[in-house]
Amino acid sequence: VVLIDGSEELNERLREQALASGELVKLNQDKLPGCYLHRTNPNDVARVEDRTFICTTTKEEAGPTNNWCDPAEMYKKLYDIARGSYKGKTMYIIPYSMGPIGSPIAKVGIEVTDSIYVVLNMVIMTRVSPKVLEVLGDSNDWVRGLHSRCDVDPEKRYICHFPQDNTIISVNSGYGGNVLLGKKCFALRIASYQGWKEGWMAEHMLILGLENPQGEVRYIAAAFPSACGKTNLAMLIPPEYLREKGYKIWTVGDDISWMKIGPDGRLYAINPENGFFGVAPGTNVHSNFNALESTKKNTIFTNVALNLDDNTVWWEGLDKNPPVNALEWKGNEWNPSMFVKADKSTYAAHPNSRFTAPAENCPCISDEFNKGQGVRISAIVFGGRRAKCAPLVYQS
């Protein structure tokens, strides 16, 4: 059993173990310092919504958009699947904070996992530190997270949430969205239940600051469906004529916001995450310069292509110069002649390939990012390019 403290010394030891086992591939440290490549099982490359359950005593409490199961039934099923799966393995215990440690809006979680990949990603995506346990003290207000890769069997893959017990259990997956339990599982699914009970909100929203030429900053949140450009908007670079006038954009969060009413009656928000779990394909210097810059160091790439000529990574949409000597996302030889646009199985990178990058890498990260009181929200945008009507705007 290893207690993860977030220290660079322990992180480096785990990286060396993952390199020795083949779980990670070390990239060109001159061009991509601190960066690594990971490949998941080909049957395990995305979130599995049909295998994701909210387990509450009544179906109504699970909400209208979620799969539901009785908690007792699901606990038995999960424990029967997971029983014995840690035998002969190392169990990693990850105490983490969603949001700046000690913030009145932050929450604590502890995840148990048998995956170094999960540990190293959680260290990027959350705040992992012994201070988390100090802040928690003897409080029972923490989210229990159990993850086991088991046999990576898709027929026995479940990601289950027990909001009334503050518990998440994930079995038979190694893909980030299913196993980094601080992300969608805690930050949205469990937290939305906590917010309902405690009088705050957990929302699928970006947070950005807009600074005018006078140096005044106003913060907005925006709720878009998946794949509608939340990250691109959060890291927007103003057009040149506005930059010349002094307008700036500051990124607080690109995916999730936790919101509470402050003592002054206004709405305040934090980004509970500490990194970006972004989709790689299509990310380039033109579509999102700041996101690409965020991946230049201390980043874990998942299911992208490996350029064997210089030991860097590549994906469709990165540039117009695909590597001629490469390994595709499953680790097989690849070159551009194999690519067929209509056949995604021929792509060098999986269409859902990812990067896990520290938020501090982002050139436009806000000075308010690590301040626990949150930023005051002046407006909320609802909608996106999938909507059939114009976006709605709420102004505070």
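## A first look

Which residue lies over the face of W196, and at what distance from the ring centre? That residue is K197, placed 4.4 Å from the centre of the W196 ring. Keep in mind as you explore that this is a predicted model.

There is a second contact of this kind to look for. The charged end of R51 sits over the ring of Y158, with 5.0 Å between that charged end and the ring centre.

## Salt bridges

How many salt bridges does the structure hold? The count is 21. One of them joins R157 to D44, with the closest N and O atoms 3.7 Å apart. R157 belongs to the loop between strand 9 (142-148) and strand 10 (158-162), while D44 belongs to the loop between strand 3 (36-38) and strand 4 (52-54), so this pair ties together parts that lie 113 residues apart in sequence. Are these two partners buried or exposed? Both R157 and D44 are buried.

A further salt bridge brings the side chains of D114 and K89 together, at 3.2 Å from N to O. This pair, too, links distant parts of the chain: D114 is in the loop between strand 7 (107-113) and helix 3 (116-125), and K89 is in the loop between helix 2 (71-82) and strand 6 (92-98), 25 residues apart. The surroundings of the two can be compared in the model. D114 has a relative accessible area of 4%, so D114 is buried, whereas K89 reaches 33% and so counts as partly exposed.

## A surface pair and a network

Now turn to E293 and K296, whose side chains meet in a salt bridge with an N to O distance of 3.0 Å. E293 is partly exposed, at 27% relative accessible area. K296 is partly exposed as well, at 35%.

Salt bridges can also join up into something wider. Which residues are linked in a network of salt bridges? They are K183, K184, K230, D255 and E273.

## Aromatic rings

The structure also holds 11 aromatic pairs. In one of these, Y96 and F186 meet edge-to-face, with their ring centres 6.2 Å apart and an angle of 65° between the planes. Why does this pair tie together parts that are far along the sequence from each other? Y96 lies in strand 6 and F186 in helix 6 (residues 182-198), so the pair connects parts that are 90 residues apart in sequence.

Y96 and F186 are both buried. They also belong to a wider group: ring pairs link Y96, F186, W200 and W258 into a cluster.

## Helix 2 and its two sides

Helix 2 is a good place to see how a helix can face two ways. This helix has 12 residues and spans 16 Å from its first C-alpha to its last, close to the 16 Å expected at 1.5 Å a residue. Its buried residues are P71, M74, Y75, L78, I81 and A82. Viewed down the axis of helix 2, these buried residues fall within an arc of 135°, so they line one face of the helix. A general rule helps here: an α-helix has 3.6 residues a turn, so residues three or four places apart point the same way.

What do the buried residues of helix 2 pack against? Their partners are strand 4, strand 10 and strand 11 (167-171). On the other side of helix 2, A72 and K76 are exposed.

Technical notes:
Residues are numbered from 1 along each chain as its sequence is written. This is a predicted model: local features need pLDDT of at least 70, side-chain atom pairs count only at pLDDT 80 or more; totals for chains, interfaces and linings use all residues. Side-chain values use heavy atoms; hydrogens and water are left out. A salt bridge is a side-chain nitrogen of Lys or Arg within 4 Å of a carboxyl oxygen of Asp or Glu. Helices (H or I, at least four residues) and strands (E, at least two) are DSSP runs, numbered from the N terminus. Buried means under 20% relative accessible area, exposed over 50%, partly exposed in between (1.4 Å probe, protein chains only). Rings of Phe, Tyr and Trp (its six-membered ring) pair if their centres lie within 6.5 Å; planes under 30 degrees apart count as stacked, over 60 as edge-to-face and the rest as tilted. A charge sits over a ring if NZ of Lys or CZ of Arg is within 6 Å of the ring centre and within 35 degrees of the ring normal. The expected span of a helix is 1.5 Å times one less than its number of residues. The arc is that of the directions from the helix axis to the C-beta atoms. Contact means heavy atoms within 4.5 Å.
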